[in-house]
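Take a look at the model below. We will go through it step by step, from the whole chain down to single residues.

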Amino acid sequence: MWSLLIPSMEMAGGDGIASVMPAALGLLTGMGFLLLIDMLIPHLHPGEDKPEGPRSHLSRTSMLALAVTIHNIPEGMAVGVVIASMLQDGAGIGITAASVLALSLCIAIQNIPEGAIISMPLRAEGNSRMKSFGIGALSGLVEPIGSISIILLASTLEPVLPFLLAFAAGSMLYVVVEELIPEASLGEHSNLGTISFAVGFVLMMVLDVVLG
């Protein structure tokens with residue numbers, strides 16, 4: 001998240017409140033965007049057995065797939081925004097190819113359990129291994145689509161890149177707070193979730209410093 005917010009403030013320039021406003025507005029807008037999607041499109045939240053909303057006839061597995069796919073959108077945007085920022089003025093704001101690699105690697109690693117969240121229930125329902133794996137993998141297809149779209153529009157979006165960087169950070173923060181942390185705290189082995197969070201945080205910090 002800080003790998004997105006700090007460049008956002010550096011790109012905005014200015015002094016005092018002017019330098020932080022695009023980052024602040026982008027962060028809140030990103031979280032608000034994911035909140036709106038969660039409200040408009042029913043899906044399962046951690047600990048729920050029944051989906052919310054008017055389209056509750058969808059199966060539990062379908063709702064899980066929908067939730068993961070929705071949350072993959074800002075992840076793809078985040079990578080696209082960082083690449084676009086590097087291409088526009090990477091040297092001036094500290095975004096390098098190594099920074100892009102670090103963020104992409106972090107997102108790729110956490111996509112593995114996200115895909116498993118979809119594939120394992122499908123397999124348990126009697127679907128073949130290939131079908132279960134394929135549907136889980138397809139949930140991540142929106143990521144490269146989101147990334148490429150942002151990159152292609154980079155020149156047009158250059159004036160609002162500080163806002164978009166923070167928007168991506170806010171979207172990812174929402175996913176962590178709303179979905180991943182509650183999910184990790186369920187069951188008898190919640191300590192494992194806490195330990196995994198700490199290890200993941202330190203891993204990203206090290207990658208950010210060493211590669212960035």
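Helices (H or I, at least four residues) and strands (E, at least two) are DSSP runs, numbered from the N terminus. Phe-201 lies in one such run, helix H9. Keep that residue in mind.

A word on the source comes next. This is a predicted model, where local features need pLDDT of at least 70, side-chain atom pairs count only at pLDDT 80 or more, and totals for chains, interfaces and linings use all residues. Residues are numbered from 1 along each chain as its sequence is written, and side-chain values use heavy atoms, with hydrogens and water left out.

Now the overall fold. The protein chain has nine helices and zero strands. Read from the N terminus, its elements run α-α-α-α-α-α-α-α-α. Contact means heavy atoms within 4.5 Å. Take the contacts between residues at least 6 apart in sequence: 73% of them join residues at least 24 apart.

How confident is the predictor? Its confidence in each residue is the pLDDT, from 0 to 100. The protein chain averages 75, and 77% of the residues score at least 70. Among the elements, helix H3 (residues 60–93) has the lowest mean pLDDT, 71. Helix H5 (residues 129–138) has the highest, 86.

Next, inside and outside. Buried means under 20% relative accessible area, exposed over 50%, and partly exposed in between (1.4 Å probe, protein chains only). Of the 212 residues, 37% count as buried.

Helix H6 (residues 142–152) holds Glu-143. Is Glu-143 buried or exposed? Its relative accessible area is 9%, so Glu-143 is buried. Glu-143 touches Asn-72, Glu-75, Gly-76, Ile-107 and Asn-111, not counting residues up to four places away in sequence.

Glu-143 has buried company in H6: Gly-146, Ser-147 and Ile-150. These four cover an arc of only 100 degrees around the axis, so they sit on the same side of H6. The arc is that of the directions from the helix axis to the C-beta atoms. On the other side of H6, Ile-145 and Leu-152 are exposed.

Back to Phe-201. Its relative accessible area is 53%, so Phe-201 is exposed. Phe-201 helps make a nonpolar surface patch of about 670 Å², together with Ile-181, Phe-197, Val-202, Met-205, Val-206 and Val-210. Patches are made of residues with over 30% relative accessible area and no salt bridge; like charges are joined within 9 Å, nonpolar side chains (Val, Leu, Ile, Met, Phe, Trp, Tyr) within 5 Å. A salt bridge is a side-chain nitrogen of Lys or Arg within 4 Å of a carboxyl oxygen of Asp or Glu. Helix H9 (residues 190–211) gives the most to this patch, with six residues.

Definitions and conventions:
pLDDT = per-residue confidence, 0-100. Areas by Shrake-Rupley, 256 points an atom, 1.4 Å probe, with all protein chains shown as cover.
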